[in-house]
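Me: I would like to learn how to read helices, their packing and their backbone angles from a model. Could we go through the features one at a time, with the general idea before the case?

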Amino acid sequence: MRKDGVLENRMESEKPHVPEELTSRMRKQGYHFVGRHSAAKICRYSANSMEKNGKGCYKHKFYGIGSHRCIQATPAIGCNLACRFCWRIIPEEEGFKWNEINAMGDWDDPVKIVDGLVEEQKKIISGYKGKKTVDLKRWKEANDPAHVALSLTGEPLFYPKMNELISEFHRRKISTFLVTNGTMAHALENLTTLPTQLYVSIQAPDQELYEKITRPKTAAAWKNFQKFLDIFSKKSTRRVFRLTLIKNLNMVNPEGYAELIKKGKPHYVEVKGFVFVGGARRDDRGLSYGQMPNEEDIREFAVRIAELSGYKMVDYHESSKVALLAADEKAAGDRIINFEK
Ligand code: SF4
């Protein structure tokens, strides 16, 4: 260390944001870190759609996204909620000393993040080339990503240079789905470069359930969420609600969901079934395998919400267990995204 502190400062700014014990656990789960706070992980549909006769995910069926060319990533692995159904490792549950809300100091450059994510994706899929079942044309295409889903884990709006990050993806002809948790109204207000599709997760239909399910780490979370929806409704891009339905917990009060839909005015509502995986399996989350709704449960609840909000159910993806509602005929007929690569 130099006495004038120059080297010390540089080292300080290069310190990883996330504790090593957490990153090492996440690496074992298949996360690939890029810089200090971003990560990518291949999803099973991306891998499967590189196969001959492989199938894409619901984003392919609903919106035409090429699953094999999609990077599943996050620019910020920390989160200010601790949702019971979340698959991620929630640091305090595991005894990791990391205050994920205030842990951030310097943030990585957006161009470096995009470079890093694209390179990491290529590394992740490099091993697939040798598989006999892989379609080589698709594998080659996968080396040139055309879409990014900023939804992997954490709250992406923690990253303060989101405008620049989205611009950089779009400059490279990579379409963007940004999935937020609805807490960071101020960050949403400052979002002027909008993603191809802007999502907000809807965890519950009313305040009591919201607090029970999301276990927020900040005060006035429900109030902030309402404010977020107001701002969300005015963002001029394709807006989407994503509901995660859990039997005997938040599959109640469809009127409450309809109210939220009227407030946020999404073009689409994705009604998804909860999956009992990862962190959601911890005993202290209080969830069970039996709380995963089946197709009939999801369709029935989705139709009820649609009736109450004036939306229409327009599609269903079986293996992802997700129903799609559209706001009107225009949204229903205008689903496919043409983002030329
Ligand atoms: S907001 Fe998303 S990342 Fe954060 S705890 Fe909830 S499900 Fe997990």
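Me: How many residues does helix α12 have, and what distance does it reach from its first C-alpha to its last?

Reply: Keep in mind that this is a predicted model. Helix α12, residues 295–309, has 15 residues and reaches 21 Å from its first C-alpha to its last, which is close to the 21 Å expected at 1.5 Å a residue.

Me: Which residues of α12 are buried, and where do they lie around the axis?

Reply: The general idea is that an α-helix has 3.6 residues a turn, so residues three or four places apart point the same way. In α12 the buried residues are Ile298, Phe301, Ala302, Ile305, Ala306 and Ser309. Viewed down the axis of α12, these buried residues fall within an arc of 140°, and so they line one face of the helix. Their cover includes β7, α11, β8 (268–273), β9 and β10.

Me: How should I read α10 in the same manner, and which of its residues are buried?

Reply: Helix α10 spans residues 221–233, and its 13 residues reach 18 Å from first C-alpha to last, close to the 18 Å expected at 1.5 Å a residue. Ala221, Phe225, Phe228, Leu229 and Phe232 are buried in α10, and because they cover an arc of only 100° around the axis, they sit on the same side of α10. The elements against which these buried residues pack are α8 (185–189), β6 (197–202), α9 (207–214), β7 (238–245) and α11 (254–264).

Me: What can be said about Phe225 taken by itself?

Reply: Phe225, a residue of helix α10, is buried, because 25 other C-beta atoms lie within 10 Å, where 20 or more is the cut-off for a buried residue. Leaving out residues up to four places away in sequence, Phe225 touches Gly182, Thr183 and Tyr210. Phe225 and Asn181 are 44 residues apart in sequence, and their C-alpha atoms are 8.6 Å apart in space.

Me: At what angle do the axes of α9 and α10 cross?

Reply: Two packed helices are described by the angle between their axes and the distance between the axes. The axes of α9 and α10 come within 10 Å and cross at roughly 110°, and the two helices are therefore roughly perpendicular to each other. Gln207, Tyr210, Glu211 and Thr214 on the α9 side meet Ala221, Trp222 and Phe225 on the α10 side. Sorted by class, this contact of α9 with α10 has four nonpolar, two polar and one charged residues.

Me: What is the sign of phi at Arg215 and at Lys321?

Reply: Most residues other than glycine have a negative phi. Arg215, in the loop between α9 and α10, has a positive phi, near 45°. Lys321, in the loop between β9 (312–317) and β10 (322–326), also has a positive phi, of about 50°, although it is not a glycine. A glycine case is Gly310, which follows α12 and has a positive phi near 80°.

Me: Are Arg215 and Lys321 buried or partly exposed?

Reply: Here the count of C-beta neighbours inside 10 Å decides: Arg215 has 15 and therefore counts as partly exposed, whereas Lys321 has 21 and therefore counts as buried.

Technical notes
Residues numbered from 1 in each chain as written. Predicted model: local features only at pLDDT ≥ 70, side-chain atom pairs only at ≥ 80, totals over all residues. Helix = DSSP H or I, 4+ residues; strand = E, 2+ residues; numbered from the N terminus. Expected span 1.5 Å × (residues − 1). Buried ≥ 20, exposed ≤ 12 C-beta atoms within 10 Å, placed from the backbone. Arc of directions from axis to C-beta. Contact = placed C-beta atoms within 7 Å. Axes fitted to C-alpha atoms, helices over the stretch in contact; angles between N-to-C directions. Parallel < 35°, antiparallel > 145°, perpendicular 65-115°, else oblique. Nonpolar A, V, L, I, M, F, W, Y, C, P; charged D, E, K, R; others polar.
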